[in-house]
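Open the structure in your viewer and keep the selection panel handy. We will go from stop to stop, with something to select at each one.

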Amino acid sequence: MTSEIVSVKDLTLRFGERTLWQNMNFELGAGEFLAVLGPNGTGKTSLLRILLGILAPTSGRVAVRGRPPRCCAALGYIPQQRIFDRDTSLRARDFVRLGVDGHRWGVSVLSRKQRERIDGVLAEVGASSFADAAMGRLSGGEQQRLRVAQALVSDPAVLLADEPLLSLDLSYQRIITELLDSRRRRFGTPILFVTHDINPILPVVDRVLYLAPGRWAIGTADEVLTSEVLSSLYETEVDVLRVRGRIVVVGTPEDHGSHHVHAHGDMSV
Amino acid sequence: MLTQLLAQHFVHTAFLAGAVVAVVCGAIGIFVVARGASFAVHAISELGFTGAAAALVAGVDPVIGMMSGSLLVGVVLGLLSLRGRERDSAIGAVLAFGLGIGVLLLSLYQGYATEATNLLFGSIVGVSDSQLRNLTIVAVIVLAGLAAAFRPLLFSSVDPEVAESRGVPLRALSVLTFVLIALTTAEAIQVVGVLLVLTLVITPAAAAQRLTGRPGVALLLSIAIALVSTEGGILLSLEKPWPTSFFIATISFAAYLIARVVDATRPAVARAPRREPAEAIETPTPVEL
């Protein structure tokens with residue numbers, strides 16, 4: 001019995017003629033924090049969807065605790081941000097509750113234990129003060145913290161997060177990062193964290209999976225985020241600079257369709 | 001005059017039918033509004049009209065034609081599970097064509113024109129005992145469906161990505177929702193008519209959502225507003241010989257306006273949108289150093 005919780009074997013994903021990646025292999029052990037980096041269109045979100053069991057890969061397989069995803073273990077999913085309509089009739093705590101029993105049929109009331117659990121995660125993400133406010137009236141940052149709470153409340157075996165720091169200001173980026181970090185340390189929950197910008201999470205990242213068009217690399221940040229590795233991934237000269245403890249990548253081919261503002265098309269990983 | 005009318009059996013039947021329809025419409029309205037499916041409701045009801053017109057021509061009970069028309073469109077819309085603009089334009093195209101056929105069918109129909117008028121504008125006072133029974137059966141089916149699927153429906157309406165990741169069957173729920181909407185619409189047509197279905201399916205729910213952030217409370221409020229509108233409308237139309245649908249539409253719209261005013265004037269504690277600066281989206285990129 002190995003200690004790996006997530007395993008990805010010979011995973012290949014093609015959309016029509018385009019191969020996003022081929023024969024991807026990696027495993028995640030208990031409590032491991034994996035950052036998934038790379039420009040848009042390299043299948044970062046698709047990888048999460050495959051792990052969630054929503055999207056079928058072209059070939060290869062994934063397993064969570066040795067079983068197919070979606071069969072047995074709860075997966076915590078924090079999707080890319082979509083702002084809620086102003087009219088959404090749902091309090092913050094109702095939204096978090098969906099993570100407890102939103103998938104169940106029929107009518108039921110929460111047990112005292114479940115209510116305490118919901119109050120507990122609301123407090124953990126610093127959302128107690130607006131727990132009874134309507135979702136649609138909260139700011140993007142507040143909504144995002146509630147997404148984290150909703151993912152945590154189901155006590156997931158794995159956390160899959162898609163750009164969870166988007167639209168958060170720096171202090172909340174730190175709070176959410178610390179929250180995820182303590183979760184994996186205390187409960188051994190591995191985390192797959194898709195991001196454009198590795199710098200806010202650099203201190204907590206164990207390994208980096210870098211997806212470039214048609215290629216991928218995995219290893220520690222120091223192993224992967226080097227000029228040599230990225231240059232060979234992109235097949236062009238790419239420089240990785242370390243500026244005041246931050247990692248900056250210069251010279252990647254402009255990632256089309258990206259809405260991020262980067263001077264001269266350079267990309268910060 | 002009014003007291004005499006109130007003693008009549010057909011008036012009792014009208015009030016009961018109105019109550020049954022109001023409860024279902026108010027309940028389903030919450031999910032229609034949450035899914036942004038108002039236009040789909042409109043399309044379903046107009047094509048219910050086409051179905052009813054076809055039934056009239058064929059000499060069948062128009063209610064059966066209406067049910068079939070609404071259900072057909074409901075299932076198709078549910079299967080397509082379209083989103084956003086594509087859904088809007090697809091519904092518009094189908095709706096217009098269906099109405100075109102309805103107009104042709106109606107011109108072919110040689111019977112009483114009142115049948116057609118009743119379909120378009122409703123005829124609550126003409127509801128028979130057997131119709132009331134059928135309305136009740138359909139209402140029970142819709143409410144049972146809503147109760148069984150309440151949580152997954154809510155989940156998939158507000159947060160489809162996460163709902164899907166938790167194993168909520170989105171497409172099946174979409175079909176279920178539209179079938180329930182179609183059944184409800186077919187009920188509502190019999191009270192307020194094709195053209196005014198939205199006044200019972202959308203307006204009460206839209207008002208309720210302005211008043212509360214709690215899904216359960218919104219559901220009850222929406223039902224209450226639909227009930228007051230329908231019963232109040234029937235009562236007023238007994239007093240003054242104007243169309244019942246007009247009164248129902250007026251009362252539910254008044255409730256909507258009041259809800260908006262209440263919402264706009266309520267104290268801003270923990271309600272005002274506290275937007276964080278958009279520039280905090282990413283940490284600044286010092287590439288130019």
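Here is a tour of the sheets and hairpins of chain A, followed by the helices of chain B.

**Before you start: colour by confidence**

This is a predicted model, so begin by colouring both chains by pLDDT. The model as a whole scores ipTM 0.84 and pTM 0.83. Chain A averages a pLDDT of 86, and 93% of its residues score at least 70. For chain B the average is 85, with 90% of the residues at 70 or above.

Now select residues 255-269 of chain A, where pLDDT stays under 50. The model gives this stretch 36 contacts beyond four places in sequence. Its counterpart for our purposes in chain B is residues 269-289: pLDDT stays under 50 there too, and the model has 41 contacts beyond four places in sequence for that stretch. Keep both colours in mind as you move on.

**Stop 1: the three-stranded sheet of chain A**

Select E1, E2 and E4 of chain A. These three strands form an open sheet in the order E2-E1-E4, with antiparallel pairing. Which strands stand at the edges? They are E2 (18-29) and E4 (59-64) of chain A; each has a single partner strand, so one side of each is left without a neighbour in the sheet. Looking along the sheet, you can follow a twist that averages 15 degrees from one strand to the next.

Stay with strand E1, residues 4-15 of chain A. Eight bridges join E1(A) to E2(A) in an antiparallel run. To find one end of the ladder, label A:Glu4, which stands opposite A:Gly29 in E2(A). Then go to the turn of this hairpin, where two residues lie between the strands. Click on A:Gly16 there: its phi is positive, near 60 degrees.

On its pairing with E4(A), E1(A) is again antiparallel, this time over five bridges. A pair to label here is A:Lys9 with its bridge partner in E4(A), A:Arg61.

**Stop 2: the six-stranded sheet of chain A**

Next, select E3 and E5 to E9 of chain A. This open sheet has six strands in the order E5-E6-E7-E3-E8-E9, and its pairing is mixed. E5 (75-78) and E9 (215-219) of chain A are the edge strands, each pairing on one side only. Here the twist averages 15 degrees from one strand to the next.

Zoom in on E6 (residues 158-162) and E7 (residues 191-194) of chain A, which pair in the parallel sense over four bridges. Label A:Ala161 and you will find its bridge partner in E7(A), A:Phe193.

Now add helix H4 of chain A, residues 140-153, to the selection. H4(A) lies across E5 and E6 of chain A and runs at about 170 degrees to E5(A).

**Stop 3: a hairpin further along chain A**

Select E10 (residues 239-243) and E11 (residues 246-250) of chain A. The two strands run antiparallel and are joined by five bridges. A:Arg242 stands opposite A:Ile247 in E11(A). Two residues lie between the strands of this hairpin, and A:Arg244 takes a positive phi near 45 degrees.

**Stop 4: H2 and H7 of chain B**

Switch to chain B and show helix H2 (residues 9-34) with helix H7 (residues 129-148). Their axes come within 10 Å and cross at roughly 20 degrees. H2(B) and H7(B) are therefore roughly parallel to each other, and their crossing is left-handed.

Show side chains to see who meets whom: the H2(B) residues include B:Leu16, B:Val20 and B:Val24, and those of H7(B) include B:Leu132, B:Leu135 and B:Leu143. By class, the contact of H2(B) with H7(B) has 14 nonpolar, two polar and one charged residues.

**Stop 5: from H7 to H10 of chain B**

Keep H7(B) on screen and add helix H10 of chain B, residues 170-192. The axes of H7(B) and H10(B) come within 10 Å and cross at roughly 150 degrees, which makes H7(B) roughly antiparallel to H10(B). This crossing is left-handed.

Among the residues making the contact are B:Val138, B:Ile141 and B:Gly145 of H7(B), with B:Leu176, B:Leu180 and B:Glu187 of H10(B). The residues of this contact divide into nine nonpolar, three polar and one charged.

Notes
Residues numbered from 1 in each chain as written. Chains lettered and ligands numbered in written order. Predicted model: local features only at pLDDT ≥ 70, side-chain atom pairs only at ≥ 80, totals over all residues. Pairing = 2+ DSSP bridges. Axes fitted to C-alpha atoms, helices over the stretch in contact; angles between N-to-C directions. Parallel < 35°, antiparallel > 145°, perpendicular 65-115°, else oblique. Left-handed = near helix turned anticlockwise from the far one by under 90°. Contact = placed C-beta atoms within 7 Å. Nonpolar A, V, L, I, M, F, W, Y, C, P; charged D, E, K, R; others polar. pLDDT = per-residue confidence, 0-100.
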